[in-house]
Amino acid sequence: MKLSNQPVENIRKNRRSFLRGSLATGAAVMGATALDEGRLLAREEAHRGLTRGDAAIVRFLAAAEIIESDLWTQYAELGGITNGAPNAYQAAFSNLDGDGQQYITSNTLDEVSHAEFLNAYLISKGREPVNFDRFRILPSSQAAGAQQIGRLTNLTQLTIDTSWYTRYRSSQNPDFGATFPQALPALFDGQFTAIPRTNSDFGPANHIQAIANTAAFHFAMIEQGGSSLYSTLLQKVSSVEVVKIVTSIGGDEVAHFLEWVDFAGNGVQGPIAPFTDPTNGLTFPDFNAANDPLLQTNLIFPVPCEFISPNLPLCAVIRPTSAGNIDAVGAAKAFIANGLFIGQSPAFSQLLLEMAFEADAAVRGF
């Protein structure tokens, strides 16, 4: 081994220079390698398509949007914007809000666009789209204006959960186990139509107004469920692109919900309420007369509530957003309990639940 004639200090300086140069070169090489590997992984993911979990989530959301498109289309045919003089159902919606017909039509168009987009996205990733056409077997309303085509959903025997109304006026959160009273117990305890079934349902005035009010609470029930569903499933998504899809469509669901909160509240205050449907005894009280904060009618936005931890300050949020509440299985069960599928083939509910279990089984990956 040859000994260097350089002073020890020079040897140390040279070693430090060498190390600095080596580290800089190594970092550059590592950076380029990581960048190349990232590009390769991105290309591989694009070629491979969606993960199994993300595909299951998108499929269930597509299924939910197809169901919503079906029910909203029925509402729009009879209560949305149509040609000619408004029928009594449209007039009853106008009593709740002068723009009610436009809102119904716009909500319908949104849901149809969601369903079409999600199915097209599945196809673009080499996945099977959702097709429920074989289950379009339920009859249409016989009232003037309704198309005579097969439907997926039944809007004439609804049991409507109105606990969303008191939940969003409470500082408690169902994610921590809180439960909430029904704002309208009668709607939850019975079965009521939310659309005119025949022309005879267009009168008397309090009957058709009760049908419109029932629809209004159903609108909000459906859309608050969608708001929680998207927020809950988002936490399981792996792909950044699917995150973008779920947050963007979920945000639109929240916008829908907030409109229908106001809409439903207008039906349970003066000058419309109190009144009773003379055909079945269904009563819509004046919530303002109760002087109950959980029934306040002029609240649109969520009241701040517990979030993440009871030890943190209250925060205004969409809720629930935890598994076991309005996740995919929870949403499917809510559809079934709502009575939307009364008369439908049992195979339809079974298929929907299977898709829900697959979506909830998704695990976020990186």
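# Guided exercises on a predicted model

Pro320 sits in the loop between β2 (283–284) and α9. Keep in mind, as you work, that this is a predicted model.

**Exercise 1. Find out which residue is joined to Pro320 by a cis peptide bond, and where a second cis bond occurs.**

Step 1. Look at the residue before the proline: the bond running from Arg319 to Pro320 is cis, and its omega is near 5°.

Step 2. Move to the other site, where Gly203 and Pro204 are joined by a cis peptide bond with omega of about -5°.

Step 3. Place this second proline: Pro204 belongs to the loop between α6 (185–189) and α7.

Step 4. Put it in context: most peptide bonds are trans.

**Exercise 2. Stay in the loop between β2 and α9 and examine the backbone of Asn291 and Ile308. Decide whether Asn291 is buried or exposed, and do likewise for Ile308.**

Step 1. Start from the background that most residues other than glycine have a negative phi.

Step 2. Compare that with Asn291, which is not a glycine but has a positive phi of about 55°. Ile308 also has a positive phi, near 70°.

Step 3. Turn to accessibility, where a residue counts as exposed over 50%. Asn291 is exposed because its relative accessibility is 70%. Ile308 has a relative accessible area of 65%, so this residue is exposed too.

**Exercise 3. Describe which residues of α9 are buried and what covers them.**

Step 1. List the buried positions of the helix: Ala328, Val329, Gly330, Ala331, Ala332, Phe335 and Asn338.

Step 2. Look at what lies over them: the cover includes α2, α7 and α10.

Step 3. Check what comes after the helix: Gly339 follows α9 and has a positive phi, near 90°.

**Exercise 4. Work out which residues touch the most other members of the largest nonpolar core, and which helix gives the most to this core.**

Step 1. Begin with the core itself, which has 91 residues; Phe60, Tyr75, Tyr89, Phe132 and Phe217 are the ones that touch the most other members.

Step 2. Ask which helices take part. Those that each supply at least two residues include α2 (52–79), α4 (100–124), α7 (205–234) and α8 (240–266). With 15 residues, α2 gives the most.

Step 3. Zoom in on Tyr89. Setting aside neighbours within four places in sequence, its contacts include Tyr75, Leu78, Pro196, Phe202, Ile208 and Ala215.

Step 4. See how Tyr89 takes part in ring pairs: these link Trp72, Tyr75, Tyr89, Phe93, Tyr103, Phe219, Trp260 and Phe263 into a cluster.

**Exercise 5. Explain why the pair of Trp164 and Tyr165 is edge-to-face and why the pair of Tyr168 and Phe257 is tilted.**

Step 1. Note the total: the structure holds 24 aromatic pairs.

Step 2. Take Trp164 and Tyr165. Their ring centres are 5.5 Å apart and their planes meet at 65°, so this pair is edge-to-face. Planes over 60 degrees apart fall in that class. Both residues are buried.

Step 3. Now take Tyr168 and Phe257. With centres 4.9 Å apart and planes at 55°, the pair is tilted. Because Tyr168 is in the loop between α5 and α6 while Phe257 is in helix α8, the pair ties together parts 89 residues apart in sequence.

Step 4. Check burial, for which the cut-off is under 20%. Tyr168 is buried, at 4% relative accessibility, and Phe257 is buried at 1%.

Step 5. Return to Tyr165 for one further partner: Arg169 lies over the face of its ring, 3.6 Å from the ring centre.

**Exercise 6. Determine which side chain of opposite charge is nearest to Glu223.**

Step 1. Locate Glu223, which is in helix α7.

Step 2. Search for an opposite charge: the nearest such side chain is that of Arg167, 13 Å away. Glu223 is buried yet has no salt bridge.

Step 3. See what does surround it. Apart from neighbours within four places in sequence, Glu223 is in contact with Glu68, Trp72, Asn107, Glu111, Glu253, His256, Phe257 and Trp260.

**Exercise 7. Decide whether Val130 is buried or exposed.**

Step 1. Find Val130 in the loop between α4 and α5.

Step 2. Apply the cut-off: its relative accessibility is 6%, so Val130 is buried.

Step 3. Look at its surroundings. Beyond residues up to four places away in sequence, Val130 touches Arg59, Ala62, Ala63, Ile66, Asn119 and Met355. The C-alpha atoms of Val130 and Asn119 are 6.4 Å apart, and the two residues are 11 residues apart along the chain.

Terms used:
Residues numbered from 1 in each chain as written. Predicted model: local features only at pLDDT ≥ 70, side-chain atom pairs only at ≥ 80, totals over all residues. Heavy atoms only, no water. Core = buried A, V, L, I, M, F, W, Y, C linked by side-chain atoms within 4.5 Å. Buried < 20%, exposed > 50% of the residue type's maximum accessible area, 1.4 Å probe, protein only. Helix = DSSP H or I, 4+ residues; strand = E, 2+ residues; numbered from the N terminus. Contact = heavy atoms within 4.5 Å. Lys, Arg positive; Asp, Glu negative; His and termini not counted. Salt bridge = Lys/Arg side-chain N within 4 Å of Asp/Glu carboxyl O. Phe/Tyr/Trp six-rings, centres within 6.5 Å; stacked < 30°, edge-to-face > 60°. Lys NZ or Arg CZ within 6 Å of the ring centre and 35° of its normal.
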